[in-house]
Amino acid sequence: MDLTRRNFVKLGLATGAALAIESKLASFANAADLELGGRGSAVNPDRITGSKWDKVVPYTCLVCNIEDGGLAFVKNGRIKKLEGNDKHVSTRGRLCAKGNAGMWHVYDPDRILYPLRRVGPRGSGKWKRVSWDEAIAEVAGKIKEVLDRGEGHQNEIMIKWGRNRSGGAAERFMATLGSNTIVNHTSICEASKKIGMQPTWGPDIETPDFANTKYILNFGSNILEAAYFMNPYSQRLAEGLVDNKAKLVTFDVRLSNTAGRSDEWFPIFPGTDGIVALAMANVIMQEGLYDREFLDTWTNYPADKLKEHLKQYTPEMAERYSGMSAKDIRRIAVEFATAKPATTYTYRGPAKHLYGSYNERATMLLPIITGNIEVRGGYCLPRGMGYNQPQPKPPGAKEPSYLSTPPDYPLAEHKVSQLVPFWIKEGKQKISVYFNYMSCEAFTNPAASYWQEVLSDEKLIPFSVTFSNQMNETTNLMDIVLPDASFLERHDPESMPSSLWPWVGIRQPVIKPLGESIEFREVLKMIVQKVDPDGSRGMRKYWEFKDGEDYLRQQFDGIAGLKEVGGYDFLKENGVWPIYGKLDPATGKIADKNGLPIEPEYGLHRKEDPNGKVKMNGKSYKGFGTSDGKIHIYVDEYEKYGFNPLPVFKPHPWHWNEDGTSKLKGPEEMVMTTFKWNVQTQSRTQNIKLLSEIVHSNHAWMNAATAGKLGIKNNDLIRITSPVGYMVTKARVTQGINPRVIAVSNTLGSKFGRVATGRKDAAPGMWGDIPDPELKDLWWTTEGVNPNVIIPVSADPIGGSQGWYDTVVKVEKAKAGDKFGDVKADNARHFEFYKQTMDYAYTGKMHRKMHPEVKVEKLPEPELKKGH
């Protein structure tokens with residue numbers, strides 16, 4: 001018989017060989033017909049009919065940042081299982097493991113269900129349950145104290161958010177209060193990628209056409225398990241590899257699942273993606289394999305000038321830095337240039353370095369010079385779709401805040417969140433009220449111990465509030481906890497460029513929020529209306545919506561095409577719009593009315609547009625999202641602030657001497673990198689039992705040859721010492737990593753949650769105890785040590801990204817007295833590294849010293865006026 005999950009479970013039930021614990025079988029019985037991959041209702045329509053389910057509700061996932069479309073199956077008021085929404089054009093009826101386990105965010109046994117007020121010192125874990133009226137009154141009172149001080153004090157109200165998918169509600173709240181002190185998470189994510197791409201072609205992201213390509217150069221992205229848009233991209237990548245016989249070449253320091261499934265894997269040295277890409281571009285240009293017509297027509301820099309600029313980046317030079325042989329660099333370059341169509345893809349790998357924006361622009365150059373832009377199987381622009389904001393809109397802040405627009409990072413702006421605690425400590429921005437939303441900065445950020453110190457200091461931050469429904473390292477340091485509803489109990493608009501077909505979708509309550517939790521935008525409304533009960537402050541009028549659904553109805557009202565099919569009611573029923581066709585269960589693809597796979601539109605920049613910026617042959621074309629509609633190989637914004645306007649490579653001063661020789665001494669000195677497991681996010685999944693059962697340890701990956709030289713064996717206890725502290729963990733000895741790299745996942749090690757810590761017999765928190773009879777069956781021992789405490793801050797002076805993959809460490813066998821899980825950091829040393837990274841900022845002396853080439857390579861002024 002076909003070995004579907006359903007039949008597998010039936011087989012287990014019949015034999016008793018694999019599934020012997022009846023209590024576990026009972027809890028999974030309602031999910032037994034979930035086929036592998038969660039293929040959606042189109043595969044078996046009777047799943048959503050009849051009396052088996054009380055209702056099936058479409059929603060958009062929020063376990064991570066991919067926003068997959070899902071279906072929630074509800075019986076007797078409880079979510080029984082989640083599957084993919086087969087009407088969703090990007091995810092096509094599939095969810096990843098994190099998405100399939102998403103219901104356990106609702107039923108997290110340690111979830112916070114009631115508002116809390118701190119009654120002991122910050123971090124003491126002493127709380128008092130309070131009513132919503134009490135909590136809102138206290139928060140509103142603190143806000144009014146700031147506002148009543150008069151004009152100029154509004155920026156003392158700060159919000160630090162992580163995965164903000166509120167559709168503008170959080171921004172509306174801060175604009176209503178008149179504060180510009182908004183700090184997002186982008187710098188610990190992919191800020192330098194964005195600041196590499198935006199000035200180059202307009203958007204800050206790309207959408208490779210993996211399904212139809214012939215060749216893929218993958219720089220530092222783990223597409224198949226942890227990259228941006230992992231689910232929709234991995235589907236298309238699999239189609240390209242299997243159906244289109246595409247070749248996949250991965251450059252990654254570690255043998256990730258994507259690297260392991262590539263045709264070729266090159267474990268290059270951290271941060272050298274850029275010089276490998278530039279050397280390949282040089283080969284392509286010198287061999288005459290570039291697309292001259294595309295370069296001279298659609299970019300602002302002539303092919304001959306670019307060819308001359310790239311001569312300095314020889315394959316031999318790239319080999320010296322990266323470790324990849326010059327022979328392989330030449331071969332891969334020629335293969336890529338001649339295998340039409342072809343594409344590249346990057347994510348955090350190239351960007352999370354001191355000069356990550358340079359790396360991003362260097363890799364982006366490859367599809368540009370080969371003309372693989374906006375073609376079938378090529379490197380395509382993102383396809384997005386917007387929605388409205390309820391009217392009237394608040395005018396916003398009148399004055400800039402140092403924390404959101406730091407003068408030392410004019411291109412990155414608010415994308416430098418890792419430096420915020422140091423700026424607060426130095427008094428660059430006074431904070432009176434601190435809001436935390438969807439973020440755990442005291443755990444997930446570099447220099448996490450410094451965040452803990454600043455958040456604990458009531459002189460620096462007199463009052464703090466979180467909307468978290470999880471007790472974690474940051475929640476534990478707040479004064480007030482206002483528990484948000486989970487993503488399956490709330491409203492949000494959604495739109496993400498996760499495939500070549502644009503879409504909008506919604507998040508809607510699948511069930512009523514548990515306990516006393518209230519969805520985020522409703523809580524913001526409660527705060528504003530308490531601050532301005534009679535409207536005399538001019539704030540209340542911006543929050544006169546009935547509820548979350550009414551807010552979203554206003555956001556989707558008037559969208560052309562959607563209104564004609566039913567507007568928001570259509571979204572409530574289907575979860576997404578447009579519906580491009582039906583999922584074909586035989587192919588897993590969306591098919592049109594004729595049963596053929598739907599095709600995207602290509603060549604967006606070539607579309608005729610009367611208002612287009614590009615003029616050719618008497619016609620106007622849409623072009624790209626830059627000032628002149630062309631791709632900017634030469635970026636004026638970079639030049640304005642003293643950065644090289646052309647794609648270049650800058651060696652990291654921690655890793656390289658000026659003559660290009662390595663600074664690493666002996667086999668014990670390595671570069672530490674971090675990574676995400678495919679079933680964990682940085683902080684929000686560790687207490688999800690189905691995910692932590694799969695991954696509950698993060699031993700340090702070490703190269704077997706290096707470990708042999710140090711006398712370290714698999715599972716040995718080791719000490720990793722950075723310039724700011726040390727951690728003690730176990731070694732995972734493998735050939736699947738660069739010999740000069742040690743890799744530790746940053747997705748484990750939380751001290752909160754009975755599942756996350758493996759303490760099944762621990763007492764539940766006083767803030768809410770959701771019964772879970774399976775807690776007693778936890779069989780594993782959690783072995784998580786989070787490295788973020790010993791990672792010093794650094795910031796790309798261009799894009800602002802944290803240099804996650806730059807820290808030089810010493811690795812040795814554990815010392816006498818060392819115990820697994822020991823972590824120690826010196827915050828004074830963290831502050832020294834903060835001062836050093838500020839020296840790299842564009843106004844610093846160190847930056848000017850390290851960028852003499854800008855003056856040398858600047859184009860003469862007359863040539864800039866030729867319109868290239």
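**Exercises: a two-domain interface and an open sheet**

The domain assignment splits off domain 1 (206-381 + 627-640) and domain 2 (669-837) in the protein chain. Keep in mind that this is a predicted model.

**Exercise 1.** Work out how many residues of domain 1 and domain 2 are in contact, and what area they bury.

*Solution.* Start with the spacing: the C-alpha centres of domain 1 and domain 2 sit 31 Å apart. Next, take contact as heavy atoms within 4.5 Å. On that basis, 22 residues of domain 1 touch 25 residues of domain 2. Then go to the area: about 1900 Å² is buried between domain 1 and domain 2, with 59% of it on carbon and sulfur atoms. Finally, see who pays for it: R254, K352 and L354 account for 33% of what domain 1 buries against domain 2, more than any other three residues.

**Exercise 2.** Find which polar links cross from domain 1 to domain 2, salt bridges or polar contacts.

*Solution.* Try salt bridges: the count between domain 1 and domain 2 is zero. Now polar contacts: ten residue pairs turn up across this interface, both partners at pLDDT 80 or more. On the domain 1 side, helix 15 (348-351) and helix 16 (356-369) are the elements giving two or more residues. That side of domain 1 breaks down into 13 nonpolar, five polar and four charged residues.

**Exercise 3.** Trace the seven-stranded open sheet and name its edge strands.

*Solution.* Write down the order, 5-4-16-15-14-6-7, with mixed pairing. Strand 5 (127-129) and strand 7 (181-183) are the edges, each pairing on one side only. Now zoom in on strand 6 (residues 157-161), which runs parallel to strand 14 (residues 433-437) over five bridges. There, W161 stands opposite Y437 of strand 14.

Notes. Residues are numbered from 1 along each chain as its sequence is written. This is a predicted model: local features need pLDDT of at least 70, side-chain atom pairs count only at pLDDT 80 or more; totals for chains, interfaces and linings use all residues. Side-chain values use heavy atoms; hydrogens and water are left out. Domain bounds come from an automatic or database domain assignment. Buried area is the accessible area (1.4 Å probe) that two parts lose on being put together, summed over both. A salt bridge is a side-chain nitrogen of Lys or Arg within 4 Å of a carboxyl oxygen of Asp or Glu. A polar contact is a pair of N or O atoms within 3.5 Å; within protein, one must be able to donate a hydrogen and the other to accept it, and residues adjacent in sequence count only if both atoms are side-chain atoms. Helices (H or I, at least four residues) and strands (E, at least two) are DSSP runs, numbered from the N terminus. Ala, Val, Leu, Ile, Met, Phe, Trp, Tyr, Cys and Pro count as nonpolar, Asp, Glu, Lys and Arg as charged, and the others, Gly among them, as polar. Two strands pair if DSSP finds at least two bridges between them.
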